[in-house]
Amino acid sequence: MNKFSVVVAGGGSTFTPGIVLMLLANQHRFPLRALKFYDNDGARQETIAEACKIILKEQAPDIEFSYTTDPKVAFTDVDFVMAHIRVGKYPMREKDEKIPLRHGVLGQETCGPGGIAYGMRSIGGVLEIADYMEQYSPNAWMLNYSNPAAIVAEATRRLRPAAKILNICDMPIGIESRMAQIAGLKDRKEMRVRYYGLNHFGWWTSIEDLQGNDLMPKIREYVAKFGYVPPSDEHGTEASWNDTFAKAKDVWALDPETFPNTYLKYYLFPDYVVEHSNPERTRANEVMDHREKHVFGSCNAIIQAGKSSAGELEIDEHASYIVDLATAIAFNTQERMLLIVPNNGAINNFDPEAMVEIPCLVGKSGPQPLVVGNIPQFQKGLMSQQVAVEKLVVDAWEQRSYQKLWQAITLSKTVPSASVAKAILDDLIEANKDYWPELK
Ligand code: NAD
Ligand code: G6P
Ligand code: MN
């Protein structure tokens, strides 16, 4: 069997150890010859990398492992780039969340003005990674989950049209795991789904078991009462995420024939979200206090003891979809997966140039989207507004345009008026001056 060389871009990410453990658990179907980490923050990456080095030495000494901040070393001789960078790291996420809240608008990593601000930082960082790949390993594929994926995907479509980049999200499969549990199945892969939308903005229209039996009625009965909070929580979901899964009940009620992505709560119930936010302590603070401390604490413990049993790093179940995707491309499996791709007619009555999240068959030459057909007025209206926001952000980045960015924030369904949008924008410009292009 062929063996592959992978570089993880954003090696210092809190998700890197979980992905490494997932890659190790899948050596039988996606074998590695080399694994590299790349980050532009050498100190942050070193902690994660030194711990992973110990894990790899214990479990797979044959895989050649290294880490670097030198793009040439990182991107030379690779087959896959798995990218999960966060330009500005958590301190900037905290600002994305807190600045809009000061103006009475919700603050969220990928939605509303916070997501737009993050998009303006991410575009340059992700394009830089794509260009390193193009320069040093032009035949490689980039599997990108750097957020905000919708804006990043629009930017890569428009600005690097020939690049082999696939943008992906783990939210649908996280929700599908819950649906499978609700339906009494062991695994989400025992379901076949239809889904359409934009990233963090979509709906399931059909869920069947592998024999073709409709699972929607059973799941519907449950979601109507409990949202996506399953009968037993095996993974110890944090309270704030649990609220989001519970709120899916109200989001679902708007169109009971379908099941919504949890992120629609930010667009359909923004007033509720603001009321339930603490402007002094947002999700970024929770992540810094919990996941970041836990992952870096575990890595430091492993490094000190020189053995992996000293830490409590967990395999990232969600990362299995990244392995599925790499395997599908590497071995032409034609697996059916949800990906963020150019619409190109798949949703018949929607902008052919929009980046949409829909089922695709994935093989050696990339994704082949499946036909969705026509979508209803409600979804079409919401999606048209949101896709315009995403396109305007890329316009603003490309043209360095204050005007376009003001329009983007104004058009977001989370923002009440152009004057509020302007006030938020002016604060965001100040906060992002080290990261955004200068706007004219
Ligand atoms: P993190 O801050 O822990 O890690 C991000 C890393 O990226 C940091 O080590 C940082 O130094 C590095 N980085 C920043 N800019 C860079 C650049 N230009 N070049 C190289 N490295 C750079 O963040 P995290 O919480 O672990 O999340 C990582 C990313 O994954 C985020 O973008 C997050 O939104 C995304 N994510 C996406 C999904 C999805 O569904 N698509 C799921 C989970 C996480
Ligand atoms: C889900 C989404 C990601 C997002 C993450 C945030 O996994 O699909 O796009 O980045 O949630 O989680 P966090 O724990 O960092 O708030
Ligand atoms: Mn996502």
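**Exercise 1.** In which sense do β7 and β8 pair, and over how many bridges?

*Solution.* The model is a predicted one. Step one is to take the two strands together: β7 and β8 pair in the antiparallel sense, over eight bridges. Step two is to pick out a residue pair, and here arginine 194 has serine 206 in β8 as its bridge partner. Step three is to place the pair of strands in its sheet, which is open, has three strands in the order β7-β8-β9, and shows antiparallel pairing. The edge strands are β7 and β9 (259-260), each of which pairs on one side only. Step four adds the helix: α8 (residues 216-226) lies across β8 and β9, and it runs at about 130 degrees to β8.

**Exercise 2.** Identify the protein donors of the manganese ion (ligand 3), and locate them along the chain.

*Solution.* Begin with the donor atoms, which are SG of Cys169 and NE2 of His200, lying 2.2 to 2.4 Å from the manganese ion. Next, assign each residue to its element: cysteine 169 sits in the loop between β6 (165-167) and α7 (171-182), while histidine 200 belongs to the loop between β7 (191-198) and β8 (201-209). The two residues are 31 residues apart, and the pair thus links distant parts of the chain. Finally, consider exposure: with buried taken as under 20% relative accessible area, both cysteine 169 and histidine 200 are buried.

**Exercise 3.** Which side chains have a polar atom 2.6 Å or 2.8 Å from an oxygen atom of ligand 2?

*Solution.* First collect the surroundings of ligand 2, which include Arg93, Glu109, Asn147, Trp241 and Tyr263, together with Cys169 and His200; the latter two are also the protein donors of the manganese ion. Then examine the polar atoms. An N or O atom in the side chain of aspartate 170 is 2.6 Å from an oxygen atom of ligand 2, and a polar side-chain atom of arginine 283 likewise lies 2.6 Å from an oxygen atom of this ligand. For arginine 291, the corresponding distance to an oxygen atom of ligand 2 is 2.8 Å.

**Exercise 4.** Determine whether the faces of β1 are covered or open, and describe the pairing of β1 with β2.

*Solution.* Start with the count: six of the six residues of strand β1 (residues 4-9) are buried. Side chains in a regular strand alternate between the two faces of the sheet, so the next step is to sort the residues by side. Phe4, Val6 and Val8 lie on one side, Ser5, Val7 and Ala9 on the other, and both faces are covered. As for pairing, β1 and strand β2 (residues 32-38) run parallel and are joined by six bridges, with phenylalanine 4 standing opposite leucine 32 in β2.

How values were computed:
Residues are numbered from 1 along each chain as its sequence is written. Chains are lettered from A and ligands numbered from 1 in the order in which they are written. This is a predicted model: local features need pLDDT of at least 70, side-chain atom pairs count only at pLDDT 80 or more; totals for chains, interfaces and linings use all residues. Side-chain values use heavy atoms; hydrogens and water are left out. Donors are N, O and S atoms within 2.8 Å of the metal (3.2 Å for Na, K and Ca); water is not among the atoms, so sites may look incomplete. Helices (H or I, at least four residues) and strands (E, at least two) are DSSP runs, numbered from the N terminus. Buried means under 20% relative accessible area, exposed over 50%, partly exposed in between (1.4 Å probe, protein chains only). Two strands pair if DSSP finds at least two bridges between them. Contact means heavy atoms within 4.5 Å. Axes are lines fitted to C-alpha atoms, for helices over the stretch in contact, and angles run from 0 to 180 degrees between N-to-C directions. A residue is near a molecule or strand if one of its heavy atoms lies within 4 Å of it. A polar contact is a pair of N or O atoms within 3.5 Å; within protein, one must be able to donate a hydrogen and the other to accept it, and residues adjacent in sequence count only if both atoms are side-chain atoms.
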